[in-house]
Amino acid sequence: MSSQTSRPPVPDTGHLKRNTIGAFGLTFMVVAVAAPLTAMASNLSLSLGFGVGAGTVGLLVVVALALTVFASAFVTLARYVTNAGAYYAFIGFGLGRAVGSGAAFVATTAYNMAAAGMAAATGYFLGLTIESMFDFEAPWYLYAAVVLVLTAWFGRRGVEVAKHLITVVSILQFVMLLVLAVAVAVQRPEGWSFDVFSPGAMLDGNVALTLAFCVLSFVGFEATAIYGEEARAARKSIKIATYASIALLVGVFVVATWSLVAAFDDVKAIAAEDPGALVFATADIYLGSWSGNLLSVLVTISFFAASVAFHNMAARYHFALGRAALLPSVLASVHPRWGTPTAAGAAQTGISVVVVAPFVIAGADPIVNLFPMVSGVTSISLTALMLGCCVSILVAARLGKLPRANVWAVLVAPIVSGLCLLVVLGVIIANYSDVTGSTELIVLLMPLLPIAAAVYGAVRQSRIGNRNELSVLD
């Protein structure tokens, strides 16, 4: 018998598992973050009720065009830097490691908050669905605990498994929204009018609020670059998935929102009464009462898919920051079999517990109390990060890090989209209580959290010097 002791393989702390997802899977990772059905029942229904009403359809197209311009700058940066902390590398590429590290901690804060919020929301709606269908009642936080365990499992297994769940859930949402649109078109064809694209309709009401909610419906496409290390033909896949996700989401959102407008004589009045019930009310009228339980199930699994997506994104930021020595290096360890950031994922799950626990202890409602905090932090953080990417590419081009021959990608696109994003960021800040749906002081003070995270990241980077690499692929 050999005296040597068998040892388990040592995880590679340098990289996540390669070639686990392609452009198709990346596209649906973005869709999962957008959560089309829940966006329709929240952001876009709120816009129909308190924004510009029917003109929301037209402004969705305007916002999509602006984001397509931003995508030109985004995919250009993706050609030169690939990192599990995408905005961290993108912003640091042009603006330096200190700014990039500050941005990384902003993104990490936003994604951790979003993951916790989505897990709590999934538990809340799962409880409502089970109570409605089976007359069984249990506290929402017990369901949320189950959701956190399942989310952690999907995170541990990696995108090879998660992409299948997310793709199926996304397609089910698309089918439901399409069926509803067809039902409205058949039963009330006269409700469909191209007036929704007229300037008069798009400017009739609170334009600022609608712009904010429309942008919030699309901001998750950093996911394409976050999985760059794990993607097949990363640069090509990121480019295809970025444009495909914008096209897919704008198609779904425009058709679905237009169908809600067409379903009623005065959708603004109906939506203003109860925005959260608008989609359910429309389905009940045009599909029948049977659709209620199905919609409840789909909303629940939509939140769950978003929970998995945000968990994975936050975990990859933990991993990237651990590898860069900005967080403890243990977070850069990967599973020896699955090649996933297991320690980083466990840390994310722990953070979700810490975020949700006070609301459980206080007996607070996760939708009324927790969700406004999440929506506020993510809206400001992600819009600011996109704006940072625009500035980064302009500076990188000026420093000679990017070829100036492509004037559109390195000059025109970042300037145009950057100005649009600056306006949207100002709109969100100016209408913060409307965006969050809350006037509570603690909610209004939440933007201080990503600001503090940015300062910490920049200071931490300045202390360790330039020993870390922004890009991990040639």
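## Two cavities in a predicted model

In this predicted model, the largest cavity has a lining made up of Lys17, Thr20, Arg157, Gly158, Val159, Glu160, Glu230, Trp338, Gly339 and Thr340. It holds about 40 Å³ of space. Sort those lining residues by character and you get four charged, four polar and two nonpolar.

How many cavities of 30 Å³ or more are there? The count is two. The second largest one has about 30 Å³ of space, and around it sit Ala115, Leu148, Thr151, Ala152, Ser307, His311, Gln348, Thr349 and Ser352. Three helices each bring at least two residues to this lining: helix 7 (140-157), helix 15 (291-323) and helix 16. No charged residue turns up there; the lining is six polar and three nonpolar.

Here are the two side by side:

| Cavity | Space | Nonpolar lining residues | Polar lining residues | Charged lining residues |
|---|---|---|---|---|
| Largest | about 40 Å³ | two | four | four |
| Second largest | about 30 Å³ | three | six | none |

Now for the confidence. The protein chain has an average pLDDT of 89, with 95% of the residues scoring at least 70. Residues 1-13 are another story, with pLDDT below 50, and this stretch makes nine contacts in the model beyond near neighbours in sequence. Where pLDDT is low, don't read the predicted coordinates in detail.

Which element has the highest mean pLDDT? That's helix 16 (residues 342-361), at 96, while helix 19 (residues 432-436) has the lowest, at 84. Helix 16 is also one of the helices that help line the second largest cavity.

Conventions
Residues are numbered from 1 along each chain as its sequence is written. This is a predicted model: local features need pLDDT of at least 70, side-chain atom pairs count only at pLDDT 80 or more; totals for chains, interfaces and linings use all residues. Side-chain values use heavy atoms; hydrogens and water are left out. pLDDT is the predictor's confidence in each residue, from 0 to 100. Helices (H or I, at least four residues) and strands (E, at least two) are DSSP runs, numbered from the N terminus. Contact means heavy atoms within 4.5 Å. On a 1 Å grid over the protein atoms alone, a cavity is a set of points where a 1.4 Å probe fits but cannot get out, and a pocket is an open set with protein on both sides within 12 Å along at least five of seven lines; lining residues have an atom within 4 Å of a point. Grid points are joined across faces, edges and corners, and a volume is the space filled by probe spheres set on the points. Ala, Val, Leu, Ile, Met, Phe, Trp, Tyr, Cys and Pro count as nonpolar, Asp, Glu, Lys and Arg as charged, and the others, Gly among them, as polar.
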